[in-house]
Amino acid sequence: MNEITLVLEVKSMLRRQGFDVWIFGGWAEELRGISRMRNHGDIDLLMRDEDFNLLDEYVSSHPELETIPQKTYSHKRAFYYKGVMIEVFLISQTPQGLFTKFFDHFKYSWPQHTFDELYLHEGKVLHVVSTSALFQ
């Protein structure tokens with residue numbers, strides 16, 4: 001079931017492996033108080049990196065993670081974990097700023113402060129993208 005404990009478990013699992021992932025999408029909106037509590041169909045994460053090479057290797061080497069090939073794009077990867085779809089969106093960082101290149105041609109610029117606001121949940125620091133990233 002897709003509950004906050006699973007969100008934290010996935011985020012922690014990936015961060016322990018060195019992936020710079022941040023909670024995004026509906027879960028981030030709920031945690032930041034932008035939207036009301038509701039059922040979530042998936043877990044969205046933003047990952048700051050140059051490419052998906054290491055994530056692809058990690059997912060393919062862990063049988064509890066099931067790749068979703070039809071969601072494999074230049075900007076996104078997806079896999080199932082405990083029956084819940086996890087979508088990971090790639091953000092690259094350059095001296096000019098943060099961006100995602102969708103489908104290898106559309107460049108989307110993220111707010112400068114996307115990763116600047118930490119969030120506390122039950123005494124734990126969570127990596128939830130900034131409010132400005134959710135409203136962009």
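Seven bridges join strand S2 to strand S5, and the two strands run parallel. In this predicted model, that pairing is a good place to begin, with S2 as the guide. One of the residue pairs across it links Arg48 to its bridge partner Ile91 in S5. Strand S2 also pairs with S1, this time in the antiparallel sense and over four bridges. Here Phe24 has Asp44 of S2 as its bridge partner. Six of the seven residues of S2 are buried, so the strand is largely enclosed by the rest of the structure.

The nonpolar interior comes next. The largest nonpolar core has 40 residues, and those with the most contacts inside it are Leu14, Ile23, Ile43, Leu45, Ile86 and Val129. Among the elements that give two or more residues to this core are the strands S1 (21-24), S2 (42-48), S4 (76-81) and S5 (84-94), together with the helices H1 (4-16) and H3 (53-60). Val129 shows what such a position looks like in detail: leaving out residues up to four places away in sequence, Val129 touches Trp22, Ile23, Phe24, Ala28, Arg32, Leu46, Thr114, Phe115 and Leu134.

Two of the helices are worth a visit. For H1, a simple check can be made: at 1.5 Å a residue, its 13 residues should span 18 Å, and the end C-alpha atoms are 18 Å apart, which agrees. The buried residues of H1 are Leu6, Val7, Leu8, Val10, Lys11, Met13 and Leu14. Just after this helix, Gly18 takes a positive phi of about 95°.

Helix H3 has Leu55, Tyr58 and Val59 as its buried residues. Seen down the helix axis, these buried residues fall within an arc of 95°, so they line one face of H3. They pack against H1, S2, S3 (65-67), S4 and S5. On the face turned away from the buried side, H3 carries the exposed residues Glu57 and Ser60.

A final stop is Asn2, which lies in the segment before H1. Asn2 has a relative accessible area of 13% and is buried. Where do its polar atoms go? The side chain of Asn2 forms a polar contact of 3.2 Å with the side chain of Trp27, and the side chain of Asn2 also reaches the backbone oxygen of His40 at 3.0 Å. Beyond its neighbours within four places in sequence, Asn2 is in contact with Val7, Trp27, His40, Gly41, Asp42, Ile43 and Val84.

Conventions. Residues numbered from 1 in each chain as written. Predicted model: local features only at pLDDT ≥ 70, side-chain atom pairs only at ≥ 80, totals over all residues. Heavy atoms only, no water. Core = buried A, V, L, I, M, F, W, Y, C linked by side-chain atoms within 4.5 Å. Buried < 20%, exposed > 50% of the residue type's maximum accessible area, 1.4 Å probe, protein only. Contact = heavy atoms within 4.5 Å. Expected span 1.5 Å × (residues − 1). Arc of directions from axis to C-beta. Polar contact = N/O pair within 3.5 Å; in protein donor to acceptor, adjacent residues only side chain to side chain. Pairing = 2+ DSSP bridges.
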